[in-house]
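Visitor: Please take a close look at the backbone geometry of one part of this structure. I should then like to see how that account sits beside the packing and the confidence of the model.

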Amino acid sequence: MQFLLILFVYFVRFTDKQGCPAEPALSERALEQREQWNIPIDSLDYAVSPIYLDSLRHLGATILHTSRWMNGATIKIAEDATLKQSISDCSFVHSMAVSRDDIKQRLSRSIAARQAPASKLQTIDTTFTQLNIYNLPTLHRQGFQGQGIHIAVMDAGFQYLHSLGRLASLREHILGCYDFSDDPDSMFAASGNHGIKCLSLIGMKSGGYTGAATEAQFYLMRTEENQSESPKELDNLIAAWELADSLGVNICSVSLGYNNFDNPNFNIPYELLDGKSLRASRAATIAARKGMLLCVSMGNSGRSGGHTLLAPSDADSILSVGAVGSDGIIAPFSSRGPSADGRVKPDVCAMGYQACVLSPDNNGLEWGNGTSFACPLMAGFAACLWSAFPKENAMQIRERIISSANHYNNPDSVYGYGIPDANKAFLFTPTNILIDTSNDMPRVEKLFIRGQLYIRRDDMLFDITGRHVQRP
């Protein structure tokens, strides 16, 4: 008789960082950027304790990821109550949370920001409305096309990266590829074409096609699991963000989002999408405070009605991106905000309805629908803008983008601040924003409470006239 061995994945949080390495887990580029932007080195920059990791291995755990920001490790163990209890009883273990209940092979119900209805191959208009819609060619004409900016594209996979002819020039800009999943498929396998489509929107230059930031350099990171849908993928994202931080990445393009899983017990209710409750959302805010600009898809559940944003688009200090068409009208599938604590979501919008993307199946072009495609276009916008102002920090670039958007003075839960304008962003003078490196979240932000707009500064609430008010 054969027995099925079921393996469970847990995130184990440690109590401290005893015996951690003496040097921060940061590259020379990352250290230089921290110094330039006055971001101090702190405990989050040091790796977790190798002593604790060795202890977990000795007990029978397989280490999948570590997290210096969350001070813990994602582990895989056989579902054995005694083993689980032994780990939980370790003096250095603060807590254990299940991230996946087994590794049985199964098809996930959704991938990569819950793709909108399948794109349909059509005759492609190479005037690229998707760049003109936010006036990006004004930056291109001045020579700002992402030079010096490193972008990490985090997705489900990058099909045919090494063979597609249209990607020849883009391949020269790729600095590294990393797979954080434990799927048996390669990150370049046929099941992972979503990532290559998103990448093409930023970096491809071929046959008249111009991506949003063709002079940027790229790291490709697979975090999505094709075999299952579980919170473990959020742990993958955290690990990818931490690596990106170590490498000195400037912008992360994340065309992924989560709220429902194969095991419905893991589903994320709206009330937890407050930027603080979920480990991955807190990590996204930490990434911002370490000097990176995160662009994250809002999701494609807008037709469901209500508050339909996905994690980690609820995070503070990022750019959560909704989708519009060429007419600037919100796509019906684009997920709606606000966040559960009332912050403006989405932050901005870009073209995600009938966006022109690479088709990995035939090396041609096709229309693509989804906030998945709006997100990399916004990341490319940010890269071009940052290449124009390389001494500014991530929060100043974010301020330029949001302040230039067409709904900036009247944000809502559909468009957020709206569609940015590259020329206005270029001419805007940002405030002298120091990146907030505290552990308190969030800082100053606009909130919607019962349909009214308020400003929150720390724990104090003000109406739009600046008058201090009590929370309604």
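**Loops and packing**

Guide: Glutamine 354 is partly exposed, with a relative accessible area of 27%; buried denotes under 20%, exposed over 50%, and partly exposed the range in between, computed with a 1.4 Å probe on protein chains only. This is a predicted model, in which local features need pLDDT of at least 70, side-chain atom pairs count only at pLDDT 80 or more, and totals for chains, interfaces and linings use all residues. Residues are numbered from 1 along each chain as its sequence is written, and side-chain values use heavy atoms, with hydrogens and water left out.

Glutamine 354 is not a glycine, yet its phi is positive, at about 55°. The residue sits in the loop between strand 13 and strand 14 (355-359); strands (E, at least two residues) and helices (H or I, at least four) are DSSP runs numbered from the N terminus. Asparagine 363, also a residue other than glycine, has a positive phi near 60°. The loop between strand 14 and strand 15 (364-368) holds asparagine 363, which counts as partly exposed at 27% relative accessibility.

Two cis peptide bonds can be described alongside these residues. One joins alanine 311 to proline 312, with omega about 10°, and proline 312 belongs to the loop between strand 11 (293-297) and strand 12 (319-324). The other runs from lysine 345 to proline 346, with omega near 0°; proline 346 is in the loop between strand 12 and strand 13 (348-351).

Turning to the packing, the largest nonpolar core contains 77 residues, a core being a set of buried Ala, Val, Leu, Ile, Met, Phe, Trp, Tyr and Cys residues joined through side-chain atoms within 4.5 Å. Tyr134, Ile251, Met378 and Ile401 touch the most other members. Helix 10 (residues 371-388) supplies the largest share of this core, 13 residues. Leaving aside residues up to four places away in sequence, isoleucine 251 touches ten listed partners, including Leu293, Cys295, Ala379 and Trp386; a contact means heavy atoms within 4.5 Å. Another core, of 40 residues, lies apart from the largest one and has Trp69 and Leu256 among its members.

As to confidence, the mean pLDDT (the predictor's confidence in each residue, from 0 to 100) of the protein chain is 88, and 84% of its residues reach 70 or more. Over residues 104-123 the pLDDT is below 50, although this stretch has 65 contacts in the model beyond near neighbours in sequence. Predicted coordinates should not be read in detail where pLDDT is low.
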